[in-house]
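Me: I'd like to learn how to read a protein–DNA model. Could you walk me through one?

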There are 2 protein chains.
Amino acid sequence: MSTAPAPAGDLTARARIIASALDRFAVHGYDAATMRDIAAHAGVSTALVTHHFGTKQALREECDARVVRFIAEKQDASTSPAEVLNQVLGVFGPYLARMLGAGGGSGGEASAVLFDRLLAVARAMIADGAASGWLRPSLDPEAQAAALVLVSVAPFLMLDRLTAWAGGDAEEALRRISVPLAELYTHGLTTDDRLLAAAGLTAEVSR
Amino acid sequence: MSTAPAPAGDLTARARIIASALDRFAVHGYDAATMRDIAAHAGVSTALVTHHFGTKQALREECDARVVRFIAEKQDASTSPAEVLNQVLGVFGPYLARMLGAGGGSGGEASAVLFDRLLAVARAMIADGAASGWLRPSLDPEAQAAALVLVSVAPFLMLDRLTAWAGGDAEEALRRISVPLAELYTHGLTTDDRLLAAAGLTAEVSR
DNA sequence: GCGGGGGCTGTACTCATGTACAGGATTCTG
DNA sequence: CAGAATCCTGTACATGAGTACAGCCCCCGC
């Protein structure tokens with residue numbers, strides 16, 4: 001097992017551990033994912049994981065940092081905010097859902113950075129869209145950004161149920177759920193203002 | 001089973017355990033919630049919980065059944081599907097999010113009934129709305145029902161992050177996020193068809 | 001050549017959790 | 001009032017988790 005002497009051809013053990021952790025965290029969640037499984041999936045021993053990262057929480061933060069860097073790189077390129085959001089969800093969607101969703105593990109402080117970054121992307125996307133005119137501005141743009149993140153991540157948050165619903169294929173589930181979501185984004189759902197009224201927005205709207 | 005002789009003033013221990021389990025599962029999730037914490041919150045010993053329900057999974061199923069019964073009761077009353085969805089989310093929103101969300105615990109089979117019931121309510125709501133004309137029909141009504149459940153549960157799925165985002169108050173977070181969601185339901189978000197095009201629906205739409 | 005250092009491993013320890021078991025308290029019945 | 005069934009508890013056990021420690025093997029510079 002000459003995994004070590006391959007510096008260029010294969011990934012280094014440290015990189016393999018991070019990749020494995022990103023995968024196991026995405027599949028099982030932070031709490032349910034075990035150091036032993038992460039190590040096994042990376043083809044190393046459990047002790048090496050703690051040797052490189054010290055603790056499970058530190059490994060998680062390394063994974064988070066990897067995602068944050070991915071977002072920053074896409075932003076530095078002249079990618080549009082909408083495309084950044086699409087790409088980060090396409091690559092890290094399940095991971096983000098596990099970390100941002102209920103029970104992301106380790107109390108409430110962890111992964112707050114991830115949510116902030118996504119929020120920043122959504123804010124930029126909304127500002128961009130409002131300037132270009134292809135996006136309807138909201139009475140509360142900050143909440144609109146949060147809602148945009150919410151609805152974008154939501155399919156991954158319930159991916160297991162949607163997969164079962166779609167007959168066992170996760171890709172098919174995402175594709176199928178994207179249809180009514182696209183319709184929602186384009187036309188809305190209701191034909192009157194009763195929901196706005198229920199939210200107490202009739203006064204502002206009618207003016 | 002003579003549950004009747006219980007003193008009318010207080011709940012029986014069994015009922016207190018179920019209520020405590022519903023609360024702890026909602027707060028910590030299935031895996032993170034411990035039998036000891038559930039028992040302590042109910043004011044009983046851990047052994048009594050296993051005595052009444054046998055296993056943790058059985059206790060969970062009892063909680064699920066409680067929610068299912070709540071939905072059935074609301075449906076039997078002449079409540080509109082939309083109101084049923086509102087009420088069940090208002091009462092069991094956090095619990096449903098924990099159980100339906102990623103990492104609901106115990107593999108993938110559990111709580112499938114809950115999702116089915118919500119889906120049925122959403123289907124009825126869509127059929128009702130389409131008949132009344134206050135709701136835009138989708139090209140894929142079944143997926144539309146799933147999306148409706150998804151977006152309705154989503155705020156509870158990320159309630160922790162939204163609470164932090166809103167400054168620590170969960171109620172305020174839900175209230176604030178409901179504004180752009182109501183706008184989304186009413187007007188949509190975009191002003192053109194690019195999202196429908198991206199979903200490959202332009203042909204169907206243009207026809 | 002060789003000594004040292006870092007990547008890497010096997011083993012062990014501590015702790016929390018779900019669950020099983022045997023006994024004590026309480027309440028209903030005859 | 002007595003007995004018994006039911007409710008309820010304290011204790012203990014097996015398991016799997018994260019983490020710490022001591023040592024091996026390979027590469028690198030003097």
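Here is a short conversation about the chains and the DNA strands shown above.

Me: What should I know before looking at any values?

Reply: This is a predicted model, in which local features need pLDDT of at least 70 and side-chain atom pairs count only at pLDDT 80 or more, while totals for chains, interfaces and linings use all residues. Residues are numbered from 1 along each chain as its sequence is written, chains are lettered from A and ligands numbered from 1 in the order in which they are written, and side-chain values use heavy atoms, with hydrogens and water left out.

Me: Thanks! How many residues do chain A and chain B each bring to their contact?

Reply: Contact means heavy atoms within 4.5 Å. Here, chain A brings 59 residues and chain B brings 59 residues.

Me: And what is the area buried between chain A and chain B?

Reply: Buried area is the accessible area, taken with a 1.4 Å probe, that two parts lose on being put together, summed over both. For chain A and chain B that comes to about 5800 Å², with carbon and sulfur atoms giving 67%. On the chain A side, W134(A), R161(A) and L189(A) supply 14% of the area that chain A buries against chain B, more than any other three residues.

Me: How do I read salt bridges, and how many cross the interface of chain A and chain B?

Reply: The general idea is that side chains of opposite charge can pair when their charged atoms come close. The rule asks for a side-chain nitrogen of Lys or Arg within 4 Å of a carboxyl oxygen of Asp or Glu. It finds two salt bridges across the interface of chain A and chain B. R176(B) forms a salt bridge with D140(A), where the closest N and O atoms are 2.8 Å apart. Over all chains, the count comes to 16 salt bridges. Another of them joins the side chains of E142(A) and R123(A), at 2.8 Å from N to O. This pair links distant parts of the chain, with E142(A) in helix α7 of chain A and R123(A) in helix α6 of chain A, 19 residues apart.

Me: What about polar contacts between chain A and chain B?

Reply: A polar contact is a pair of N or O atoms within 3.5 Å; within protein, one must be able to donate a hydrogen and the other to accept it, and residues adjacent in sequence count only if both atoms are side-chain atoms. Between chain A and chain B there are 26 residue pairs in polar contact, both residues being at pLDDT 80 or more. As for helices (H or I, at least four residues) and strands (E, at least two), they are DSSP runs numbered from the N terminus. With twelve residues, α7(A) gives the most to the side of chain A that touches chain B.

Me: How does that side of chain A divide by residue class?

Reply: Ala, Val, Leu, Ile, Met, Phe, Trp, Tyr, Cys and Pro count as nonpolar, Asp, Glu, Lys and Arg as charged, and the others, Gly among them, as polar. The side of chain A that touches chain B has 35 nonpolar, 13 polar and eleven charged residues.

Me: On to the DNA. Which residues are closest to DNA strand C?

Reply: A residue is near a strand if one of its heavy atoms lies within 4 Å of it. DNA strand C is surrounded by 15 residues, the closest being S45(A), A47(A), M35(B), T55(B) and K56(B). An N or O atom in the side chain of T55(B) is 2.6 Å from a phosphate oxygen of DNA strand C, and a backbone N or O atom of M35(B) lies 2.9 Å from one. The largest share of this surface, four residues, comes from α3(A).

Me: And which residues are closest to DNA strand D?

Reply: 14 residues surround DNA strand D, with R36(A), T55(A), K56(A), S45(B) and A47(B) the closest. The side chain of T55(A) places an N or O atom 2.5 Å from a phosphate oxygen of DNA strand D, while a polar side-chain atom of H52(B) lies 3.5 Å from a phosphate oxygen of that strand. The largest share of the surface near DNA strand D, three residues, comes from α3(B).

Me: What does the UniProt record annotate in chain A?

Reply: The unreviewed entry marks residues 34-53 of chain A as "DNA-binding region"; UniProt positions are given in the numbering used here, feature names are shortened, and annotations may be inferred rather than shown by experiment. In the model, that span is 80% helix and 0% strand.
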